[in-house]
Amino acid sequence: MASKGDKQESGLWETVKTVFWALLIAGVFRTVFFQPFWIPSGSMKDTLLIGDFLFVNKMAYGYSRYSCPFGMCPFDGRILASEPERGDVVVFRHPVNNADFIKRLIGLPGDTVQMRNGVLHINGAAVQMEPAGAFAETYRKQGPMGYYPQCENAPVGEGGTCTKSRHIETLPGGRSHAVLNIRDGFFSDNTPVFTVPEGHYFVMGDNRDNSQDSRYARANGGVGFVPAENLIGRADRIMFSSAGRSLFFVWTWRGDRFFKAVE
């Protein structure tokens, strides 16, 4: 008959094994299939809002060393690779600071990309832009970081209505999405011509005046061109969304965004 000590030791060992297998299964699922991602900033408004929670489809583009936690997959390049499409909302590893970023893929290898007077030009041609009213939100701290939104109608007092002009932008190939404008005449509205190198991509935020993206050099805090190896996956659907500073503020949950497709 087993002693009480033997039973406790056996129970502890079973717990350790259960935790080990649970962590292993979760790690494999996160590496191979889907990676959770919280939206921390407003660079992708109004497609993605601060507090949106989504799973990144890691099967979409194949796998690189950045598919593993901490970039620990033991190989270079990509395996089972598939090419992303223009207009995809992609998660990638920042080439300098090693953080995971989310932006819209605008330029493919060989493309030229330029902003002229706030209008995106791809391969020398302006994309179609249609006015779509204004995006409005309350001027208050957003998310766990407590960022205030930037407003085209600034200054706005606490609790006031913060607005930005909204347009529907249609990319070559026919995919459309909303973009926002905060101010005119900044560098981000008038850029040099960027030629996307082979094996790289050009990405931009939909909140065009509040996004450090491929328009900005890495030396200036931007992303520059994103190497194909740095792609982690594609954002397909918002699973959950909370406008509050804590997940537990149930009254701030955005039920209308649950399971919403990312377009």
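User: Which phi does Asn 117 take in the hairpin of strand 5 and strand 6?
Analyst: Asn 117 takes a positive phi near 50 degrees. The hairpin has two residues between its strands. This is a predicted model: local features need pLDDT of at least 70, side-chain atom pairs count only at pLDDT 80 or more, and totals for chains, interfaces and linings use all residues. Residues are numbered from 1 along each chain as its sequence is written, and side-chain values use heavy atoms, with hydrogens and water left out.

User: What makes residues 112–116 and residues 119–122 a pair of strands?
Analyst: A strand is a DSSP run of E with at least two residues, numbered from the N terminus. Two strands pair if DSSP finds at least two bridges between them. Strand 5 (residues 112–116) and strand 6 (residues 119–122) have four bridges, in the antiparallel sense. The rule is met, so they pair. Across them, Gln 114 stands opposite His 121.

User: How do you know that strand 6 and strand 7 pair?
Analyst: Strand 7 (residues 125–126) shares two bridges with strand 6, again antiparallel. His 121 has Ala 126 as its bridge partner in strand 7. These strands form a hairpin too, with two residues between them. In its turn, Asn 123 has a positive phi of about 55 degrees.

User: Why is the contact of Arg 104 with Asp 206 called a salt bridge?
Analyst: The term needs a side-chain nitrogen of Lys or Arg within 4 Å of a carboxyl oxygen of Asp or Glu. Here the closest N and O atoms are 2.8 Å apart. That is within the limit, so the name fits. Arg 104 is in strand 4, and Asp 206 is in the loop between strand 12 and strand 13, 102 residues apart. By this rule the model has 14 salt bridges.

User: Are Arg 104 and Asp 206 buried or exposed?
Analyst: Buried means under 20% relative accessible area, exposed over 50%, and partly exposed in between (1.4 Å probe, protein chains only). Arg 104 has 1%, so it counts as buried. Asp 206 has 0%, so it is buried as well.

User: What makes Lys 164 and Glu 137 a salt bridge, and what does the pair tie together?
Analyst: Their closest N and O atoms are 2.9 Å apart, which meets the rule. Lys 164 lies in strand 9 and Glu 137 in strand 8, so the pair ties together parts 27 residues apart in sequence. Both residues are buried. A network of salt bridges links them with Lys 45.

User: Why are Asp 213 and Arg 215 called buried?
Analyst: Asp 213 is at 0% relative accessibility, so it counts as buried. Arg 215 is at 2%, so it counts as buried too. The two form a salt bridge, with closest N and O atoms 2.9 Å apart.
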